[in-house]
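Reader: Please take a close look at one part of this model, the pairing of strands in a single sheet. I should then like to see that part set beside the rest of the assembly.

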Amino acid sequence: MTPRLFSLLKDAALTAFVAAALGLFIVGFRTVDVGSTKGLAFDYELVDLAVAVVAIFVGRLGLSFASDGQRWPALVLGAVLGAVGAAPVRLPSTFLHWFVGLAGLLVIGRSLWPSAERAFGQARQSPQGRKLGVVGARWLAWVLLAAAVILPITPLADQKTMDLGVLILTYVMLGWGLNIVVGLAGLLDLGYVAFYAVGAYSYALLSTQWGLGFWAVLPLAGAFAATFGLVLGFPVLRLRGDYLAIVTLGFGEIIRLVLINWVDLTNGPAGIGGIPGPTLFGAVFAENAPPGQKTFAEMMGVPFDGTQRLIFLYYIILGLALITNLFALRLRRLPVGRAWEALREDEIACRALGINPTNTKLTAFAIGAMLAGFAGSFFAAKQRFVSPESFVFIESAIILAIVVLGGMGSQIGVVLAAVLLIGLPEWFRELGTYRMLAFGLAMVLIMIFRPRGLIAHRAPSLRLHEKPSGGGG
Amino acid sequence: MTADQALIDVEHLTMRFGGLVAIDDVSFKAQPRQITAIIGPNGAGKTTVFNCITGFYKPTIGRLTLRGDREYLLERMLGHEIGQQARVARTFQNIRLFPGMTVLENLMVAQHNKLMRASGMSVFGLLGLNRYRVAEAAAVEKARGWLERIDLVVDADRPAGELPYGAQRRLEIARAMCTEPCLLCLDEPAAGLNPRESAELNELLVSIRDRDGIGVLLIEHDMSVVMRISDHVVVLDYGRKIAEGVPDDVRRDPAVIHAYLGTGEEGADA
Amino acid sequence: MAYFSQQLINAITLGAVYGLIAIGYTMVYGIIGMINFAHGEIFMIGAFISLIGFIICGLLGIGSAPVAILLVLLMAMAFTAVYGWAVERVAYRPLRGSFRLAPLISAIGMSISLQNYVQLTQGARPKPGGQIVSGGYNLFSADGFDVRVTWLQIIIVVVTVVLMAGFTWVISRTPLGRQQRACEQDMKMAALLGVNVDRTISLTFVMGATLAAVAGMLFLMYYGVIDFFIGFLAGIKAFTAAVLGGIGSLPGAMLGGLLIGLIEVFWAGYFSSEYKDVAVFGILVLVLIFRPTGLLGKPEIEKV
């Protein structure tokens, strides 16, 4: 045995040992209730743990081989893991099949990565590759937009798809809004969902108490949320980045706790129901209109169909999201947008150039809050019910994960990340339980391997020279 | 020239950090259309003087009067107001560009306040009004002018962080100049430059003085730069001013020779 | 008076637990200047390992409470320490020198992952811990109200005081403590002088996790019920304690923990228990705005 091999084995053994120590109690002894009197008992999962630890040992060894440039041993180990994962032999649980199989895929992927990367790099350097890259970057957004616009009139548009579409677009809009704050201005806001809540409750209260309609409340909700953003932001935006993150988290929790406890106003944890949906030129989307109003079906002279309402909601959120996008893209090319990016890069230099850091951050914070307010009132109108449960910290974390994964500052990246993070778990229901685990791990991995996000490219906000075309340099 | 016409008047400036006295009762003046150099050994308090003038530190004692379009008492102003209203621009010892933004964008950010007004706090800009477009085009032209002067036109659309070191130094000066300052403070602009770049820098600084008519305040280690281009030299040592005058006088001043060469009595004699 | 005394006793007990967690935040912040957002989850995992440990003790027939507590304490400290080490190794070490917000985002990701990992493996329902120590001592009676300190409260305060004294000794007197302080001052210089920076940082995380494990066990014994979500609130409160005391300062963390315990208990006792968490968050915001260096922290001079 060569010393090199010995050190790889030692490293893998150490990793497996740490994994065993980590998992011994939390994974190995599953506590279960056994009636109220006896307290807790164990489901022993030590065999599962042992299988997982062995897989980790083999996987780590394979990864070490791969990063060592020894492709064949790595491929063999990966194939073994993959085969065990896919094999019909009975591992103690389906989860373990997945675990072992994915570990195998990881090892295989890692061992093929260098050649894949080289091939990819060469393809990008070739003239056709460059042209494709330029055309792709220019057209991807338009293709996605066209697909989003025509989706409801395709046969795909059943209840489930439209629901999902509305959900994804809501997160796209929130992601674009937060992108202004985090991606452009570099302010880590962990309480973004608070402004979403302000928007949602604004519409919920104004519509149920005063009978105001969706379109009248929408701008008001944005204004309220922006005001909240200004009031909360003013004292805290001087703080260092990480303190700001914690304070915004604190604000988010305060708003949620107030929503729970101020029962007179918000009806507390029970929430507010019976919120009217948005109308189209005064027509409601329901089977029967309330007195004095018409339904959409009556107005158009078509038979009533439940998906009409969903399609309408879909176009509203698509419109809102697009407005958000245009707004953000425009702002980025304006002095204020460049000042945001400059602040993100170096606040001290900004001060030396006479830029007021607090005001500049405040505009980003308030604009982000306003967009969340719009999205919030849409959410209330869609759900027809709001309660504090919808505005927990984890929602903020999901929106942040979308922005981080997409590449802070990248608009198209947010769309891809939203589809990935919101769409995939909804399509594959069984993944749902592992969704948040995967979110968290994705955030860690992205920070380590691609800190600029999936889409890392930054286009200048303006140019002096014409953009170089496909071939030239 | 009488004292009243001085561009900046530093009087009894004192800065303490806890028990440490970084600057002790320093007074000097810098005239408009002149290059004033502040020199001194490491730790003499030069950068601290700059940080007081540009509002990064609040002086413990002292008065800093700037005579630009009107009189400003800098010690009473917040950090960014000094750049915005009194129009004092500065560069940093360890370059502070916006590395991820392009060269051109760096120069556009420097014109932020002017452009903000033209864009009607972004409202006109969002609506795409002509008034803003004209202002933006003018700002780009100004930036192009500076890029020509520092020979970076071809690199305008590259990220500033990718430029070689010497180019970054020049760009930082151009960026400060794009704020249309009346006083330009440069913190060791020649540090790390090779002799050719250093000579180019001298030319640039002289042209800023003569062509743009801007007063320059300069911290420098490189004595050849100081002696060749400065009109007035202030020497600091251990936070005190030990000499002041035209370069040739300062060079012969025994206190200066002692501070630079002598570590003890023998050193001063030798 | 009696009510006040009783509240005071309860507040000190709670404050001791917060103080133990706060030390982990403060030590990590002191050495690498980041908020270890996952520290609350480390505390939660400590509580779960303790819970499992107590059940194992029951199965093994260890009837004596002091023996069981000691065994579980050591076990929880050891195994939670591995989590502290692993989190640093996996999620933070690769990010040294990355952009400013990267470690914090990674920490948030780690926090979410750990929470869901425990939820998946141990279930989402609250877990009753049973009563390990019961009984107490009546101090005095007044206004028809018994002022009582339970044995458990005494254990909590004694364990906390002993551990804090021990750790203060480690930081101020041992080579490890000296290396930690050297890294705090200037990591590059410390490395040049032969300090193993990676190891020192790892040990800091391990120490923080060990104390969090103790806090987890005490929390479990005191409240008798835990779930996968306890780390979030306790973490933020302990972080508030660290900030209030002056982040980076060890005595500050203890003082801050005590104050947060007092604020929470007295707010709940005299004003409203619904808004007690709002009070703590409010304190966090106010301290950061008006005195970001906290009560015992050193002011930071901005380097230009």
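Author: Two strands are taken as paired if DSSP finds at least two bridges between them. The model is a predicted one, and in it strand 1 (residues 8-17) of chain B pairs with strand 4 (residues 61-67) of chain B through five bridges, in the antiparallel sense. One residue pair places this register on the sequence: B:Val10 has B:Leu64 of strand 4 as its bridge partner.

These two strands belong to an open sheet of four strands in chain B, whose order is 2-1-4-5 and whose pairing is antiparallel. Strand 2 (20-30) and strand 5 (71-73) of chain B each have a single partner strand and stand at the edges, so that one side of each lacks a neighbour in the sheet. On average, and with direction ignored, neighbouring strands of this sheet are turned by 20° against each other. Helix 1 (residues 46-53) of chain B packs on the sheet, where it touches strand 1, strand 2 and strand 4 of chain B. The direction of this helix makes about 110° with that of strand 1 of chain B.

The confidence of the prediction bears on how chain B is read. Its mean pLDDT is 84, with 93% of residues at 70 or more. Among the elements of chain B, helix 3 (residues 103-110) has the highest mean pLDDT, 92, and helix 12 (residues 265-269) the lowest, 41. Over residues 264-270 of chain B, pLDDT stays under 50, and the model has four contacts beyond four places in sequence for this stretch. For the complex, the predictor gives an ipTM of 0.88 and a pTM of 0.85.

Chain C also contains an antiparallel pairing. Strand 2 (residues 136-142) and strand 3 (residues 145-150) of chain C are joined by six bridges, and C:Tyr137 has C:Val149 of strand 3 as its bridge partner. The two strands form a hairpin with two residues between them, and C:Asp143 in the turn has a positive phi of about 50°. Chain C as a whole has eleven helices and four strands, with a mean pLDDT of 87 and 98% of its residues at 70 or more. Its radius of gyration of 19 Å agrees with the value near 19 Å for a compact globule of 304 residues. Along the principal axes, its C-alpha atoms fill a box of roughly 65 × 50 × 40 Å.

In chain A, a helix pair may be set beside these strand pairs. The axes of helix 13 (residues 306-333) and helix 16 (residues 357-383) of chain A come within 11 Å and cross at roughly 175°; the two helices are therefore roughly antiparallel to each other. Helix 13 contributes A:Leu313, A:Ile316, A:Ile317, A:Leu320 and A:Thr324 to the contact, while helix 16 contributes A:Leu371, A:Phe374, A:Ala375, A:Phe378 and A:Lys382. By class, these residues comprise eight nonpolar, one polar and one charged.

Finally, chain A and chain C touch each other, with 44 residues from chain A and 51 from chain C in the contact. The elements of chain A that give two or more residues to this side include helix 1 (3-26), strand 1 (29-33), helix 9 (214-236) and helix 19 (435-449). Helix 10 of chain A gives the most, with twelve residues. The side of chain A that touches chain C has 33 nonpolar, seven polar and four charged residues.

Notes. Residues are numbered from 1 along each chain as its sequence is written. Chains are lettered from A and ligands numbered from 1 in the order in which they are written. This is a predicted model: local features need pLDDT of at least 70, side-chain atom pairs count only at pLDDT 80 or more; totals for chains, interfaces and linings use all residues. pLDDT is the predictor's confidence in each residue, from 0 to 100. Axes are lines fitted to C-alpha atoms, for helices over the stretch in contact, and angles run from 0 to 180 degrees between N-to-C directions. Angles under 35 degrees count as roughly parallel, over 145 as roughly antiparallel, 65 to 115 as roughly perpendicular and the rest as oblique. Two residues are in contact if their C-beta atoms, placed from the backbone, lie within 7 Å. Ala, Val, Leu, Ile, Met, Phe, Trp, Tyr, Cys and Pro count as nonpolar, Asp, Glu, Lys and Arg as charged, and the others, Gly among them, as polar. The radius of gyration is taken over C-alpha atoms; the globule rule is 2.2 Å times the number of residues to the power 0.38.
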